[in-house]
Amino acid sequence: MVTKSNARTHFSISLRSAAMALSRLRHPLNLSRSLRLLSSTYSSSSRSLPRTSNSGIFSVGGDGNLRPASVSRLTGLSANSLKSRWVDVRYFSSADIPHEVLGMPALSPTMTQGNIAKWRKKEGDKIEVGDILCEIETDKATLEFESLEEGFLAKILVPEGSKDVPVGQPIAITVEDQNDIQNVPASVGGETGIEETKRTGQDVTEEETKPESTSTKINASELPPHILLEMPALSPTMNQGNIVKWRKKEGDKIEVGDILCEIETDKATLEFETLEEGYLAKILVPEGSKDVAVGQAIAITVEDANDIEAVKSSVSSSSTTQQEKATQRETKSEVKAQKSNATRISPAAKLLITEYGLDASTLNSSGPHGTLLKGDVLSAIKSGKLSPRPASKEKAPSSSQSHQQVAASQVSKSDLKQADSYEDFPNSQIRKVIAKRLLESKQNTPHLYLSADVILDPLLSLRKDLKEQYDVKVSVNDIIIKVVAAALRNVPEANAYWNAEKGEVILSDSVDISIAVATEKGLMTPIIKNADHKTISAISSEIKELAAKARAGKLAPHEFQGGTFSISNLGMFPVDKFCAIINPPQACILAVGRGNKVVEPVIGSDGIEKPAIVNKLNLTLSADHRVFDGKVGGAFISALQSNFSDIRRLLL
């Protein structure tokens with residue numbers, strides 16, 4: 001039992017402070033001996049410590065030995081509420097610059113990855129204990145990551161805005177001395193002190209678990225003077241892109257402003273211009289590459305044409321080495337797969353093995369506890385690598401049994417054909433972003449739906465008069481844009497959006513209408529800016545030009561970014577009405593259906609109500625309920641109906 005007086009002789013200190021204290025002891029610490037770091041993960045229900053990342057807590061006894069502090073001695077935590085796991089730590093040699101590698105912390109029990117929302121400190125900044133280094137978005141909330149040590153932030157390894165950063169991945173490097181900032185390693189590899197957890201019960205080597213890089217690793221020390229070109233961020237929301245076409249070839253002379261390649265972003269296909277003159281020495285990411293991360297190296301340029309061959313040979317040799325390592329890993333995995341035999345066989349797999357007369361010992365199992373599944377047998381049948389069952393001495397089956405086996409075999413073969421009767425449809429970068437953002441909109445934006453029918457006859461009459469009297473051809477959609485713009489001008493509260501940071505409604509100064517245009521790569525939304533100040537003919541000519549650019553993938557960023565209100569028109573299809581999804585950060589989108597002829601009571605010139613055939617159009621407004629309440633929504637719908645009924649006043 002430890003008394004209070006004895007407890008005072010033990011004190012908890014950090015790893016760095018422990019090393020300083022131990023240097024004063026009679027028996028110095030042997031630094032060659034590996035230390036054990038306590039990585040603690042605790043549930044959110046228990047009282048949390050000031051530090052939320054993995055914590056290393058040690059104590060020094062009277063004998064001068066360094067030992068882990070007892071878990072139960074942590075203030076406010078019981079031994080049962082804190083679950084611990086041990087991990088190995090690699091330390092630097094005496095020749096390395098003293099520094100610490102900060103890993104992505106586990107800020108919640110269920111967190112496996114996080115997003116770097118914002119860096120509060122910049123490279124070179126002085127940091128104190130408790131300073132906020134960055135804001136990390138977890139699976140629960142956006143939390144602050146505090147510094148546990150004082151020093152200087154030498155290098156940020158994961159930039160602001162990075163998504164899905166795994167827990168434990170290095171995100172920054174700190175040093176004690178400001179003079180060491182310039183000498184820290186540019187990247188973190190196997191010698192930089194990264195914590196690694198030993199996995200038990202798995203026959204997997206460290207070399208096999210390393211992920212393959214999508215780009216060629218480059219040793220800058222072996223190259224002549226050069227510039228490494230990276231995938232640029234061509235839009236605010238872009239985090240990856242596709243290399244559509246290389247305009248320059250390896251060895252070409254390049255000038256400032258030359259187009260190097262065409263890059264498909266999450267919005268459009270844009271041109272990547274060079275900012276330096278020189279020669280394109282090596283293309284690292286070939287034409288047609290998909291999902292290239294922003295910041296990944298895509299090409300190398302040099303100033304002197306004589307350096308081109310040196311760059312090519314150096315990059316080619318490193319690429320060959322990587323391919324050889326990949327081949328070795330594949331060979332090892334194949335040999336390992338051949339050695340694995342199934343310990344259990346599912347009923348469906350047994351039936352297929354019997355029907356095809358296969359040897360179960362030669363099949364690879366993928367189920368839990370070595371269970372051979374139906375999919376494993378089907379995969380072996382499709383690959384054609386089948387081993388027949390050894391000949392049995394049993395009695396030959398009867399004719400009825402053989403007929404049943406033949407019938408079952410035919411059914412299984414037809415099932416295999418049906419399984420192959422599909423085609424993977426690759427998504428463009430634009431479609432991926434649309435899918436992600438619309439899902440976020442539906443989940444995070446409270447949608448309010450308001451629907452109303454309007455009389456379309458005055459609009460059709462105006463359109464006919466413009467064509468006959470002034471030879472001006474405009475579409476129904478062009479006039480609807482003008483009608484909506486005039487309604488937004490009359491009801492400025494509808495021309496607004498929700499500011500999540502401030503938690504308030506922001507009114508927009510201009511009326512900028514986004515028009516949904518279907519293209520082969522996905523839905524684009526070119527913008528008619530200041531639509532309330534433009535004539536119908538000007539809107540018509542501008543929308544034709546923007547729609548043509550959108551379908552050709554030539555929209556400039558300022559032509560599709562922004563917008564205060566969206567219109568989606570499916571009137572050219574047999575769609576009477578529909579509800580559209582809001583396009584963030586906008587607060588409204590108007591869904592326009594097709595016009596239909598209906599019989600309605602109409603008051604004639606003589607004041608008598610008579611049945612008449614009229615054209616009616618359904619409009620459905622999807623609005624952000626944080627911006628729109630019933631009063632604003634009703635006022636906007638009323639303004640729309642008024643503009644449709646007296647359409648000619650839009651010409652004033």
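These exercises work through a predicted protein model, from the whole chain down to single residues.

Residues are numbered from 1 along each chain as its sequence is written. Local features need pLDDT of at least 70, side-chain atom pairs count only at pLDDT 80 or more, totals for chains, interfaces and linings use all residues, and side-chain values use heavy atoms, without hydrogens and water.

**Exercise 1. Describe the protein as a whole.**

Step 1. Count the elements. The protein has 12 helices and 33 strands. Both are DSSP runs numbered from the N terminus: helices are H or I with at least four residues, strands are E with at least two.

Step 2. Check burial. Of the 652 residues, 37% are buried. Buried means under 20% relative accessible area, exposed over 50%, and partly exposed in between (1.4 Å probe, protein chains only).

Step 3. Look at contacts, meaning heavy atoms within 4.5 Å. Among contacts with a separation of 6 or more, 64% join residues 24 or more positions apart.

**Exercise 2. Find the strand order of the four-stranded open sheet, and its edges.**

Step 1. Read the order. It is 6-13-11-8, with antiparallel pairing. Two strands pair if DSSP finds at least two bridges between them.

Step 2. Find the edges. Strand 6 (99-103) and strand 8 (126-127) each have a single partner strand, so one side of each is left without a neighbour in the sheet.

Step 3. Zoom in on one pair. Five bridges join strand 6 to strand 13 (residues 170-175). Leu102 has Ala172 in strand 13 as its bridge partner.

**Exercise 3. Work out which way helix 9 faces.**

Step 1. Take its length. Helix 9 covers residues 457-470, 14 in number. From first C-alpha to last it reaches 19 Å, close to the expected 20 Å at 1.5 Å a residue. The expected span is 1.5 Å times one less than the number of residues.

Step 2. List the buried residues of helix 9. They are Leu459, Leu462, Asp465 and Leu466. Seen down the axis, they fall within an arc of 125°, so they line one face of the helix. The arc is that of the directions from the helix axis to the C-beta atoms.

Step 3. Find their partners. The buried residues of helix 9 pack against helix 10 (476-490), helix 11 (536-552) and helix 12 (630-645).

Step 4. Turn to the other face. Lys464, Lys467 and Glu468 are exposed there.

Step 5. Look past the end. Asp471 follows helix 9, and its phi is positive, near 55°.

**Exercise 4. Count the disulfides.**

Step 1. State the rule. A disulfide is a pair of cysteine sulfur atoms within 2.5 Å.

Step 2. Apply it. The count comes to zero.

Step 3. Check two cysteines. Cys134 is buried, at 0% relative accessibility. Cys261 is buried, at 0% relative accessibility.
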